[in-house]
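Me: I am new to this structure and would like a close look at one part of it, the aromatic side chains. Could you take me through them slowly and in connected prose?

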Amino acid sequence: MYEALCCAVCREPIPARRALSAKYCDRKCKNKALTLERHAERLRRKLDADRIIQAHELWFALFHRELMRAAPPEAGGYQLGLWTGQSTHWFPSLRPGQKYRHTLRGRRTEHAFFALTPFEPPTVPIAAWYEVRYVQKVPPHPPLPSVIKTWRKKVPYAVPCGPLPFNLRTVPHDAR
C-alpha cells in the first residue's frame, strides 16, 4: 500500500493534492522519468542495430560485392524499391521538410540514397524482396537509367523507418 503512494522516481511520498492515480510527486520527476525512457529507447535501438550488423555481416559483404560488380562507373549510391501492391516505394526516402535521415550505423546523412563507398547497409522496414537501382555520384543524385536488367535482392532483416506513406500490410506476400 505504501509503494502506491510513493513517487516512481524519487520514492518520496506523493502529496495529498495529487490524484490517487499519480505516479510522480511533481513535474520535475515526471520529466526525469520521460528522459530515462527516451534514453532507454535510444539504447535499445542502438543495440538492435548492432545486433543486425553482427548477425548479417556475411550478407552485407556479399551484397556489397554484388552491388559493386553490377554498378555502372558513374554510380555513387543505390536505392531499394519495395512493391507495395500499387506502386514501388524507394528506400531510403526523406519526407517533405525532413533534412536528414539516420543510417543503420547511427550516423546522420542528408542523402536519399545508400552510399556505395564507403558501403552503407540498407535500412528497410520489412524483410522482403527489393528492386535495386543506382543513383549518380554527382548532385542532385538522380536515378541512373537501368543499363542492365533490373535485379532484385532479398533483404533478410527489418529496421524501424519512421512513418511510411503506405501500410506495410498492403505489401503482397509474394514480395516478402
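**The aromatic pairs and their cluster**

Reply: The structure, which is a predicted model, holds nine aromatic pairs. One of these pairs is formed by Trp59 and Phe63, whose rings are stacked, with 4.9 Å from centre to centre and 20 degrees between the planes. The arrangement counts as stacked because planes under 30 degrees apart fall into that class. As for their position in the chain, Trp59 and Phe63 are four residues apart in helix α2, so about one helical turn separates them. Trp59 has a relative accessible area of 16% and is therefore buried, and Phe63, with a relative accessible area of 0%, is buried as well.

A further stacked pair joins Tyr78 and Phe119, with 6.3 Å between the ring centres and 5 degrees between the planes. This pair links distant parts of the chain, since Tyr78 belongs to strand β1 (residues 75-83) while Phe119 sits in the loop between β5 (114-115) and β6 (129-136), 41 residues apart. Tyr78 is buried, its relative accessible area being 0%, and Phe119 is likewise buried, with a value of 17%. Both residues are placed in that class because buried means a relative accessible area under 20%.

How do these pairs fit into a wider picture, and which residues form one aromatic cluster? The cluster is made up of Trp59, Phe60, Phe63, Tyr78, Phe114, Phe119 and Tyr157, and the members of both stacked pairs described above are among them.

For contrast with these buried rings, it helps to turn to some charged residues. Glu57 is placed in helix α2, which covers residues 57-70, and this is also the helix that holds Trp59 and Phe63. Glu57, however, has a relative accessibility of 56% and therefore counts as exposed, whereas Trp59 is buried. The C-alpha atom of Glu57 is separated by 30 Å from that of Glu37, a residue that stands 20 positions away along the chain.

Another exposed residue is Arg17, which lies in the segment before α1 (27-55) and which, at 71% relative accessibility, counts as exposed because the class begins over 50%. Arg17 gathers with Arg18, Arg27 and Lys30 in a patch of positive charge on the surface.

Definitions and conventions: Residues numbered from 1 in each chain as written. Predicted model: local features only at pLDDT ≥ 70, side-chain atom pairs only at ≥ 80, totals over all residues. Heavy atoms only, no water. Patch = residues over 30% accessible without salt bridge, like charges linked within 9 Å, V, L, I, M, F, W, Y side chains within 5 Å. Areas by Shrake-Rupley, 256 points an atom, 1.4 Å probe, with all protein chains shown as cover. Salt bridge = Lys/Arg side-chain N within 4 Å of Asp/Glu carboxyl O. Lys, Arg positive; Asp, Glu negative; His and termini not counted. Charge placed at Lys NZ, Arg CZ, Asp CG, Glu CD. Helix = DSSP H or I, 4+ residues; strand = E, 2+ residues; numbered from the N terminus. Buried < 20%, exposed > 50% of the residue type's maximum accessible area, 1.4 Å probe, protein only. Phe/Tyr/Trp six-rings, centres within 6.5 Å; stacked < 30°, edge-to-face > 60°.
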